[in-house]
Amino acid sequence: MNGRGGILCSHCLLPVGVRATQRTVNGESHAFCCYGCCIAFQVKNGKSEEWEAAWLLIRLGVGGFLSMNIMLFSLLLYAGAFTGVDARLLPWIHLLLWVFATPAVIILGGPFCAETWRDARDGQVTSSALIVLGVGAAYLYSAFAVIEHSPHVYFDTATMVLMLFTVGRYLEAAGRARAARNLEPLLAAESEWATVVESGAESRRPVREVSVGALVRVRPGERIPLDGAVLEGESHADEAVITGESRLVPKEVGSHVIAGSINMDGPLLIRSTCTGADTRWAQICRLVRDALTRRTPTQRLADRVVGIFVPLVLSLGGLTALYWMQWLPFDRALLNALSVLVIACPCAVGLAAPLATSLGIGRLARRGCLVREPGALEELARTGLLAFDKTGTLTSGRARVVRIETDDVVADEVLARAAGLERHSEHSFGHVITAAATARGLAPLVAGNVRILPGRGIRGNADGQAVMAGNRALMSELGWSVAPTLRERARSLEADGYSVIYVGWGEHVCGALALDDAALPEARSTIEALRGRGLQVILLSGDLAHATQRVAVAAGIENAQSGLSPEAKRAALRRLRQRYGVVAMVGDGLNDGPVLAEADIGIAVGSATDLARETAAMVLPRGGLWMLPWVVDVARAVRMTILTNLLWAFGYNLIALTLAVLGLLQPVFAAAVMAGSSILVVLNSLRLERMPDPVRTPSSGGAEAQSTADPFPVLPVAAIEQG
Amino acid sequence: MSAVAYYLMLFAAGFAGSFHCVGMCGGFACALGHDPHGQAATALRHFLYNLGRLTTYCFLGGFAGALGQVICTPQGTAVSMLSGGLDAAQRALAIIAGTLMIAMALQFFGLLPRLHRLAIGFGSSTLASSLRSLLTAHGLAAPLAFGVFNGFLPCPLVYAFVAQAASTAGALPGFLTMASFGLGTFPAMLMMGTVGQILAPAWRQRGVWLAGSCILLLGLVTLGRGILPFPAHMAHGWPGGYPA
């Protein structure tokens, strides 16, 4: 029984729960969460050769034919067509209705009966039991009425209730399938097929059987099934599902392609570089599947309510019948009780949370934002405070040259000489310096006889002079002269937490490069957007105070705490939680795993490639910090949808139940309202699909442009220290 | 206009309109094909298909009529048609139905852009594509079931007459309205199925125009019932609420 817990419905991708309907369609075994999904799936996917798919439709059609005829005759009866002279026809009309109703009840009610029986064996009473009991009572009473020649029969009620419930479930399932559309590409990784080219011949194979190094052909419009490198062809790829990148990425010979992205406009031949199970897509697929099958706290609450609701309604129905029997004829009392049973089906309550959550997960996943813990969406919507880690989250995690101090030479010359040396270095600072020179359009001064001094720097010769670039240790080792002002400024930069690289030539230190991990260009606009949504923002960093403060100022965060060990960060979160209730922590997911786990919601941005080891509840794609406000929007919309759904489901149930108990609601009308109510929940949830895509704010784009134009935003040290 | 003339008119509209149906439903009818058990079995097959369709139409008509009745007489008591004067609700209903029918008629003449997007409902497009599995299924239940679903497929002609049925504000006249219309579509559709011959496009076009004219006339009459000051029951000449 528990084994079924992790299975998703083949039709709507909601978890099937413990009582799945198993059916074989097109030779494959499928599990469905409900009768509606079972119908809708077979209607949609059943092949004409399949007897079963056609059989289901035939049953519905014949059931519809019978119940519509019953309804027509009943309408005529109600309109008084068989009074007066025609009154002797009445028993025969009743008999005809009985003849129509018997197969209709068997055909349409069968699935509900089977469901009730299955639940009963598991010791459960569910909503289908309410229908079976209500319809059964109406049918049996009417059958006796025909035999007894009573003036009233209720075959129309019995069949119409069944018909409305069946149609309602079908429409609901059709709507839910729309909700699953966003999720489909994410869950396809396991069942994907690849066109493998082997010795000139093409064959279709499941992805899991394709080995590393195999040649795979991908036609335009197809999903790329495996990670690989392009051998032939040119195209564009839509990688949004994996990377969150909304632009099309050009692909040519030698380009790397990602499994799960869509090949847009040209055929590609790729050589796979990894097996189907190891791609990020497959990891995402497993992760999303896990998240979908997990129940959120709201969902568990709703389930518990439904659990006690059904027996409660059964007894309420019984009491209603008993009460009204004192005042009304037996058949009227029975009808009132039937209304109670029908109206109180808690279908909408059970659907309220999982549908909205899975829509939210799908919506986010389309842009590469993964939700591991479905409850996190609701938590994020309630959160009052977002705590950020610094390195790799608000900053890129890669240093940049932010300042150049010189001693009577031009800054560009210092950079050009340093770049000439560092071209030969493998150290990360080396790349940073050459990149800075390139960004300024400088040609590195060619250096020869270059030697790398591990842990200290690099030296060589250029223009007949010895040139060096390295840390203070190298400088004092060489004993080159330094102007006191330069020494002072460099020391103060070091004290401020910059990495300083001294550059000298001709036995004289002529300049110092300050390297820093600066705030991301989009950090400021993102923080502003979050604050605009009423969220408090705080920076928790393990770095030095000055470095932290600089990033805080650049990102516009007023509240920053520095020098925190992971333990101290967790303690800080605990304190913040007491003040703000729900707190979220945004980190890079690499070094701050335990801290992310401590927060109510851990959000990892651009994290480790290995999703399987991820501990954060939500994972944003690399460079996805700017999407955070949108993620908050989606989370809030999901929570709002769940709340409105539940409010509607419960509110309507209470009002309608009261009306039914008071005998003011016809059973057929109750069934129509009931079916409509589930569909309303579906429609309300589907509004989430229309949420706009995230947009990069103009200010973040502007900041980006500015930073490329001027890589050295020279901040006066005094301004930094003032914070 | 007497009740008989009214229903004859509906029948004629259905008959003319069925040349329009031939485009879509006629294709279905042809696809139902021949039964290997001979001519009689084939005829039965097509009769059942059309019976299913007719049932759906009748049901829609009765339902729309009952709905109109509920709107016009919120207390659910006596039908107001007996009382002589059309009350405001019934007038409003007549105006809405009349306008709808005129819009449909204009669409038949190609004077209005197609309202098809409006017609493709929630989930019905999936249904339409998968109904084909029923066409080839054996047995007599399949054509019946197919006919039932067919009746629900989006079709401007049906909508126009359902609107008319609603404006009658009674389950029985509503039912009769749709029944007349449905019976009107019978001959062409039966012929289509058994003969399997598609009419020449020119004839179909003439049929569509004829149907459009009928619907336009009915629409104008219905609209007139809502707008014109005199309380005469132009379209419902029967005494006592129902035709004899």
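Which residues in H11(A) meet which residues in H23(A)? I shall open with that pair of helices, and I note at the outset that the model before you is predicted.

From H11(A), the participants are A:Cys347, A:Ala348, A:Leu351, A:Ala352, A:Leu355, A:Ala356 and A:Leu359. Facing them in H23(A) are A:Ser677, A:Ser678, A:Val681, A:Val682 and A:Ser685. Sorted by class, this contact comprises 9 nonpolar and 3 polar residues, with no charged residues.

As to geometry, helix H11 covers residues 347-365 of chain A, and helix H23 covers residues 667-686 of chain A. Their axes come within 9 Å and cross at roughly 15°. Angles under 35 degrees count as roughly parallel, and H11(A) and H23(A) are therefore roughly parallel to each other. The crossing of H11(A) past H23(A) is right-handed.

Remaining with chain A, I turn to helix H5, residues 155-180. How many of the 26 residues of H5(A) are buried? The count is 24, so H5(A) is largely enclosed by the rest of the structure. The length of this helix can also be checked: at 1.5 Å a residue, its 26 residues should span 38 Å, and the end C-alpha atoms are 38 Å apart, which agrees.

Let me now move to chain B. Chain B has 10 helices and 0 strands, so its pattern along the sequence reads α-α-α-α-α-α-α-α-α-α. Of its 244 residues, 48% count as buried. Among the contacts in chain B with a separation of 6 or more, 84% come from residues 24 or more positions apart.

One helix pair in chain B deserves a closer description. Helix H2, residues 39-72 of chain B, and helix H8, residues 156-167 of chain B, have axes that come within 7 Å and cross at roughly 40°. H2(B) and H8(B) are therefore oblique to each other. The crossing of H2(B) past H8(B) is right-handed.

Which residues make this contact? H2(B) contributes B:Tyr57, B:Leu60, B:Gly61, B:Ala64, B:Gly65, B:Leu67 and B:Gly68. H8(B) contributes B:Val158, B:Val162, B:Ala165, B:Ala166 and B:Ser167. By class, the contact of H2(B) with H8(B) divides into 8 nonpolar and 4 polar residues, with no charged residues.

To set out the two pairs in turn: H11(A) and H23(A) are roughly parallel, with a right-handed crossing. H2(B) and H8(B) are oblique, with a right-handed crossing.

Methods. Residues are numbered from 1 along each chain as its sequence is written. Chains are lettered from A and ligands numbered from 1 in the order in which they are written. This is a predicted model: local features need pLDDT of at least 70, side-chain atom pairs count only at pLDDT 80 or more; totals for chains, interfaces and linings use all residues. Axes are lines fitted to C-alpha atoms, for helices over the stretch in contact, and angles run from 0 to 180 degrees between N-to-C directions. Helices (H or I, at least four residues) and strands (E, at least two) are DSSP runs, numbered from the N terminus. Angles under 35 degrees count as roughly parallel, over 145 as roughly antiparallel, 65 to 115 as roughly perpendicular and the rest as oblique. A crossing is left-handed if the near helix is turned anticlockwise from the far one by less than a right angle, and right-handed if clockwise. Two residues are in contact if their C-beta atoms, placed from the backbone, lie within 7 Å. Ala, Val, Leu, Ile, Met, Phe, Trp, Tyr, Cys and Pro count as nonpolar, Asp, Glu, Lys and Arg as charged, and the others, Gly among them, as polar. The expected span of a helix is 1.5 Å times one less than its number of residues. A residue is buried if 20 or more other C-beta atoms lie within 10 Å of its own, exposed if 12 or fewer, and partly exposed in between; C-beta atoms are placed from the backbone.
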